[in-house]
Amino acid sequence: MTRKQKGKCPFCLESITPVLIEENTIRRDKCKCPKCDEEIYLCRSPGCHDFAKGTSVYDHELCPSCTDSVSSAAGEVGKAALKVGGAVLTAVLVAAASKKNK
Ligand SMILES: [Zn+2]
Ligand SMILES: [Zn+2]
């Protein structure tokens, strides 16, 4: 049995050494958290030793913290776009309001 590195469980957030349930060469090894018994997979992010949630529908590729950093990067772009859109909208509204007042 290959020794797994300690990492953070996405379910109980404890630092755990996962229990290997199923060795898998094509997909990732299926592991289990020894504390909360949830199914977990090693995070795909390079250098990250935390674990991603395994669900019956979908096995997450990244651990919650890596998912967060990816989605917050996307969120920043979205926020910036929203800001620009908001500024334009405000300008249009101000223009419309000032026209009405004349
Ligand atoms: Zn756990
Ligand atoms: Zn990760």
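**Entry 1: the first zinc site**

I began with the zinc ion (ligand 1) and found that its site is tetrahedral, the angles among its 4 donor atoms running from 103 to 117°. I note at the outset that this is a predicted model. I then looked up which residues supply the donors, and they are Cys9, Cys12, Cys33 and Cys36, each through its SG atom, at 2.2 to 2.3 Å from the ion. Along the chain, the donors of this zinc ion (ligand 1) follow the spacing C-x2-C-x20-C-x2-C.

I also checked accessibility for two of these donors. Cys9 has a relative accessible area of 0% and is buried, whereas Cys12, with 26%, is partly exposed. Cys12 does not count as buried because its 26% is not under the 20% cut-off.

**Entry 2: the second zinc site**

I turned next to the zinc ion (ligand 2), which is coordinated by the SG atoms of Cys43, Cys48, Cys63 and Cys66 at 2.2 to 2.3 Å. The site of the zinc ion (ligand 2) is tetrahedral as well, with angles of 102 to 117° among its 4 donor atoms. In sequence, I read the spacing of these donor residues as C-x4-C-x14-C-x2-C. Cys48 lies in the loop between β5 (39-42) and β6 (51-53), while Cys66 lies in helix α1 (residues 64-101), so the pair ties together parts that are 18 residues apart in sequence.

Are Cys48 and Cys66 buried or exposed? I found that both Cys48 and Cys66 are buried, and for Cys66 the relative accessibility is 12%. Cys66 is called buried because its 12% is under 20%.

**Entry 3: a search for disulfides**

With so many cysteines noted, I asked how many disulfides a search of the whole structure finds. The search returned 0 disulfides. I looked at Cys31 in particular, which is in no disulfide, the nearest cysteine sulfur being that of Cys33 at 11 Å. Cys31 cannot pair with Cys33 under the criterion used, because the 11 Å between their sulfur atoms is not within 2.5 Å. Cys31 itself is buried, at 2% relative accessibility.

**Entry 4: salt bridges**

I then searched the whole structure for salt bridges and found 4, of which I record three here, taking them in sequence order of their acidic partners.

Among them is the salt bridge between the side chains of Lys35 and Glu14, at 3.5 Å from N to O. This pair links distant parts of the chain, 21 residues apart, with Lys35 in the loop between β4 (30-32) and β5 and Glu14 in the loop between β1 (7-8) and β2 (15-16). Lys35 is exposed, with a relative accessible area of 54%, while Glu14 is partly exposed at 36%.

Another joins Glu22 to Lys30, with the closest N and O atoms 3.9 Å apart. I found Glu22 partly exposed at 39% relative accessibility, and Lys30 partly exposed at 21%.

The salt bridge of Arg44 with Glu61 has its closest N and O atoms 2.4 Å apart. Here too the pair links distant parts of the chain, Arg44 being in the loop between β5 and β6 and Glu61 in the loop between β6 and α1, 17 residues apart. Arg44 is partly exposed at 48% relative accessibility, and Glu61 is partly exposed at 32%.

**Entry 5: a nonpolar patch**

Last, I looked at the surface, where Val84, Val88 and Val92 form a nonpolar patch with about 270 Å² of accessible area together. I placed one of them, Val88, in helix α1.

Technical notes: Residues are numbered from 1 along each chain as its sequence is written. Chains are lettered from A and ligands numbered from 1 in the order in which they are written. This is a predicted model: local features need pLDDT of at least 70, side-chain atom pairs count only at pLDDT 80 or more; totals for chains, interfaces and linings use all residues. Side-chain values use heavy atoms; hydrogens and water are left out. Donors are N, O and S atoms within 2.8 Å of the metal (3.2 Å for Na, K and Ca); water is not among the atoms, so sites may look incomplete. Four donors count as tetrahedral if all angles lie between 85 and 135 degrees; four count as square planar and six as octahedral if opposite donors are over 155 degrees apart and all others between 65 and 115; anything else is irregular. Buried means under 20% relative accessible area, exposed over 50%, partly exposed in between (1.4 Å probe, protein chains only). Helices (H or I, at least four residues) and strands (E, at least two) are DSSP runs, numbered from the N terminus. Patches are made of residues with over 30% relative accessible area and no salt bridge: like charges are joined within 9 Å, nonpolar side chains (Val, Leu, Ile, Met, Phe, Trp, Tyr) within 5 Å. Accessible areas come from the Shrake-Rupley method with a 1.4 Å probe; for residues, only the protein chains shown count as cover.
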